[in-house]
Amino acid sequence: MYLLLALVLCGCASRDIRWMHPKPTEALLQQAYRDLQGFHVYPLSGSEAQDALSSEEAVHLLSNPRLIRPSTPNFAFVTFSGREITVIGYNQYYRLEHDAFRSPMIYRYQGELKRADYALPHMAPNVGDLEVTSRPIDALELWLLNEQRTVRPNFRGTLKFESWSGRYTKVAAFDPRSWQSIF
């Protein structure tokens, strides 16, 4: 009995056992802000591909959505200013809750960054994706291209900063209650 108790205590004192999940450092958050700041293109393959569309073409498409075609890749402009984030972009589809059809959309979100945690804390820092809580300054607005109307989903500000090979590449918005991705 004492031998078993000694083995358990020795195992728990090991350096490989965590008593608490790690928190992202301020340096990591600053790296995420630097990596995400600017223009990003995401073709259907899922990985970032800046040569698929120029930022000038994207601005033109946002100002004239009738020019958007089914082959237009997803893209986003991400801006950080102090604790504020603004994300404006295009996504090839959005499915409204309880609807069977999808619509391409243009989205805009502005929020104040409040807190960041690792999305998978038990795997941090090896998997660096961050779940970021923000407070909406302006409600998330989606312009559904097929329906030619604006919707404002009940978005509470949960963002995900996705990383790949040590670099942050994408900001995604989702509803943690349903795990439905918005953009």
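In this predicted model, strands β8 and β9 (residues 180-181) run antiparallel and are joined by two bridges. Within this pairing, Asp 175 stands opposite Gln 180 of β9. Strand β8 has another partner in β7 (residues 158-164), and here six bridges hold an antiparallel arrangement. One of the residue pairs can be picked out by name: Phe 161 has Val 171 of β8 as its bridge partner. The hairpin formed by β7 and β8 has two residues between the strands, and Ser 165 in this hairpin adopts a positive phi near 55 degrees.

How enclosed is β8, and why? Strand β8 spans residues 167-175, and seven of its nine residues are buried, so the rest of the structure largely encloses this strand. As a general reminder for looking along such an element, side chains in a regular strand alternate between the two faces of the sheet.

Strand β8 also takes part in the lining of a cavity, to which β2, β3 (84-95) and β8 each supply at least two residues. Rolling a probe the size of a water molecule over the atoms shows where empty space is left. Across the whole structure, the search returns one cavity of 30 Å³ or more, and the volume of the largest cavity is about 70 Å³. Which strand gives the largest share of its lining? That strand is β2, with four residues. Among the lining residues are Tyr 42, Asn 74, Phe 75, Tyr 90, Lys 170 and Val 171; Val 171 is thus met again here, having appeared above as the bridge partner of Phe 161. By class, the lining consists of eight nonpolar, two polar and one charged residues.

Two of these lining residues, Tyr 42 and Tyr 90, lead on to Thr 72. This threonine sits in the loop between α3 (55-63) and β2 (74-81). Thr 72 is buried, at 8% relative accessibility. Residues up to four places away in sequence aside, Thr 72 touches Leu 61, Tyr 90 and Gln 92. Tyr 42 lies 30 residues from Thr 72 along the chain, and their C-alpha atoms are 9.7 Å apart.

A further buried position is found in strand β4 (residues 102-118), which contains Gln 110. Is Gln 110 buried or exposed? Its relative accessible area is 15%, under the 20% limit, so Gln 110 counts as buried. Beyond its neighbours within four places in sequence, Gln 110 is in contact with Glu 84, Ile 85 and Thr 86, and also with Pro 136, Ile 137 and Asp 138.

How values were computed. Residues are numbered from 1 along each chain as its sequence is written. This is a predicted model: local features need pLDDT of at least 70, side-chain atom pairs count only at pLDDT 80 or more; totals for chains, interfaces and linings use all residues. Side-chain values use heavy atoms; hydrogens and water are left out. Buried means under 20% relative accessible area, exposed over 50%, partly exposed in between (1.4 Å probe, protein chains only). Two strands pair if DSSP finds at least two bridges between them. Contact means heavy atoms within 4.5 Å. On a 1 Å grid over the protein atoms alone, a cavity is a set of points where a 1.4 Å probe fits but cannot get out, and a pocket is an open set with protein on both sides within 12 Å along at least five of seven lines; lining residues have an atom within 4 Å of a point. Grid points are joined across faces, edges and corners, and a volume is the space filled by probe spheres set on the points. Ala, Val, Leu, Ile, Met, Phe, Trp, Tyr, Cys and Pro count as nonpolar, Asp, Glu, Lys and Arg as charged, and the others, Gly among them, as polar.
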